[in-house]
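Notebook open, coffee ready. I want to look at how the insides pack and how the chains meet.

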Amino acid sequence: MSSSIITVKLPGRFDFSQHQYFSGNIDSWLSVDNMSQLEFDFSLVQYLDSSALGMLIMLAKRAAERNIRVSICAATGVAYDILMMANMQQLYSINKESAA
Amino acid sequence: MNILVVEDELLFKMIYREFFHSKQVNYQFASSLQEVRVLLQQTICFDAVILDNQLTDGEGVTLVPEIKRMFGDAALLMVSANTKPEFFLQAYEAGLDDYALKPINLELLWVKLCRAVELKRLQKMAARQQAELQSWIAGEQQEQALAMHVLSSLTQSLQQMPGFVRAASKPSCRFNGDILLHQQAPNGCFYLLLADAMGHGLAAAISLMPVLEVFQTMTKKGLPVANIVFELNQKLRRQLPADRFVAAVLLRIDPLQQLLEVWNGGLPPLMVIQAAGSPLTLLKSRHMALGVLADHQISLQTEQICWQAGWQMIGFTDGVTDVLQYNGTALDISTIAQLFQQQPADIFEQIASLIDIVQNNSDDITFFDCDLPCINTIKAMPQCHHDYPGKVVINVHLEGSALGKSELPLKLVNLLNEYGISKRHCDALFSILTELYLNALEHGVLKLDSVVKQGDDGFSRYYALKEQRLLNLDANDYIDIKLAFDLGANKVNLSFCDSGSGFDYSKLSDGFKDDSQIHGRGINIVGSLSSEMVFMGKGNEVCVVMNG
């Protein structure tokens, strides 16, 4: 049984306007067969607000229920600082490099 | 669709008849002004009126105001041979929607008619929606006013700051998702909680409600920061939805030990500075916000720093860095750090004025600064003025077996509490009474020598000896305590006298500064907490003064 990493690329401004898109897709992202890790590509993300953090937290909890690891890659600048201040590394593996 | 055609010529009526039949709409004819006036009295609803200007009993245009008044929702079109613009301008002013020139092109007339009807329909819909919106807004405002009233009554007492803390805050809307709480514990410590609930508005403000009670009850008991953080996290995790959290800083300021203890989960760093120009200490967010992690996952590790009088601290929520602008650019953390380092005394006014002028901020903004208080700078409780404020004098004589049973220091301090002894005296007095009592009992009455404490199991041998000697006390063994509290001067005079043989206290003068000895520490503590300390007699008497 092969395990796969699914990568989702997030848009430049990750805030409340993305709420519908994000929460609407959580289930489909987490339901992919044989997926061991869900990775979010932050290379385009320039800013995220507290509702984005909330969405990421909720997704991490749901992923944990299904034993799926979650990670963030290519986070830079302000977006990276915000992730660090929120200590998101306690829920996500955070890599500064680009997606594999 | 129902159309009224005001036309008197038979030929045109026939043409209209055939045309409207092909368009499958309902139509009705009126042949004169008089007939129209009769129809206007009835309650038929027409969607459109086609008005020929040339009628047998007058000009159709004269009916325009009346038709507008009675059939306000109908589209009104006029058919005329008149080409003068003034004629139509006047008709428009009276309420005409459109016109067609004779000879009539029916298809063109039809297009104009449909467009006018559609426009009327949209206008009617907009007016209805506007009315609904107004009514909804009025209802909302009433509910918000009530919610506001309830929320502020819950938070009011906790939002009063001590004299050494200044705070500035501006919510993004009526309800503030940020909050700054304070309470002083009986042990003298000040607890401050700065919290930023995810999002803003009423939903965020409500997220803070579970926090209030926990903060109030636990700080009232002077519980450790770690315990309070644990409870807050647990409660929020249970009561908030999975995607909501509260970023927070909980700090405990101990003015007696001059210690600052901080837990920062998700907020920008607290900044502490000794004086202008000196290096900044940043107390960064090292934990996830409250309400996210499970009981076994949350980290309760706090940071502690010691401070001296004159040090300053600032803290703020991310609204400050997200919204405020300084000299045309965003006010980021490094700019705040620079400003604070250069002029710590001015930063509050600077940021408070920025907060004051900002309009339509998209996030809640809170900023506070704190002059770290040391014992001498905390203002005394305001006292009522009596001509003779009064004195409390307590004499205690403990003899024989009563000596071993005492929780005397605690009981005496609690007693003086009722007479308004100041907080700082309270804490210090407790420590002094404990040390002096132990000295009087162990070294004085029981004649235990601290030397016994040395060696591997020295302490256990010492306490075994103590237990043994406590069983053999008689009437010759006593401790006399005299405690005098002057309410006006807030001064405490304390003296102990024990039945022991004393010691050579002349050797102590150097020993005061030396706290390397395990067993000599008690005297040093008493000396540092009091204004005067004097041994008398054989060394079995000691007097201590604590000035106001």
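I started with the largest nonpolar core, keeping in mind that this is a predicted model. The core has 91 residues, and those touching the most other members are A:Phe40, A:Phe42, A:Leu48, A:Leu56 and B:Ile253. Next I checked which element gives the most to this core: it's helix H2 of chain A (residues 50–65), with nine residues. I jotted down the background idea that nonpolar side chains tend to be buried together in soluble globular proteins.

Then I picked A:Leu48 and looked up its contacts, skipping neighbours within four places in sequence. The list came out as A:Phe14, A:Phe42, A:Leu53, A:Leu56, A:Ala79, A:Ile82 and A:Leu83. I also found a second, separate core of 39 residues, with B:Leu398, B:Leu416, B:Leu441 and B:Ile479 among its members.

On to the place where chain A meets chain B. How many residues does each chain bring to the contact? I got 16 from chain A and 16 from chain B. About 1,300 Å² is buried between chain A and chain B, and carbon and sulfur atoms give 62% of that area. On the chain A side, I noted that A:Lys61, A:Met85 and A:Gln90 supply 38% of the area this chain buries against chain B, more than any other three residues.

I looked for salt bridges across this interface and the rule finds zero. For polar contacts, the rule finds five residue pairs, both residues at pLDDT 80 or more. H2(A) turned up again here: eight residues of the chain A side come from it, the largest share. Sorted by class, that side has nine nonpolar, six polar and one charged residues.

Technical notes: Residues are numbered from 1 along each chain as its sequence is written. Chains are lettered from A and ligands numbered from 1 in the order in which they are written. This is a predicted model: local features need pLDDT of at least 70, side-chain atom pairs count only at pLDDT 80 or more; totals for chains, interfaces and linings use all residues. Side-chain values use heavy atoms; hydrogens and water are left out. A nonpolar core is a set of buried Ala, Val, Leu, Ile, Met, Phe, Trp, Tyr and Cys residues joined through side-chain atoms within 4.5 Å. Buried means under 20% relative accessible area, exposed over 50%, partly exposed in between (1.4 Å probe, protein chains only). Helices (H or I, at least four residues) and strands (E, at least two) are DSSP runs, numbered from the N terminus. Contact means heavy atoms within 4.5 Å. Buried area is the accessible area (1.4 Å probe) that two parts lose on being put together, summed over both. A salt bridge is a side-chain nitrogen of Lys or Arg within 4 Å of a carboxyl oxygen of Asp or Glu. A polar contact is a pair of N or O atoms within 3.5 Å; within protein, one must be able to donate a hydrogen and the other to accept it, and residues adjacent in sequence count only if both atoms are side-chain atoms. Ala, Val, Leu, Ile, Met, Phe, Trp, Tyr, Cys and Pro count as nonpolar, Asp, Glu, Lys and Arg as charged, and the others, Gly among them, as polar.
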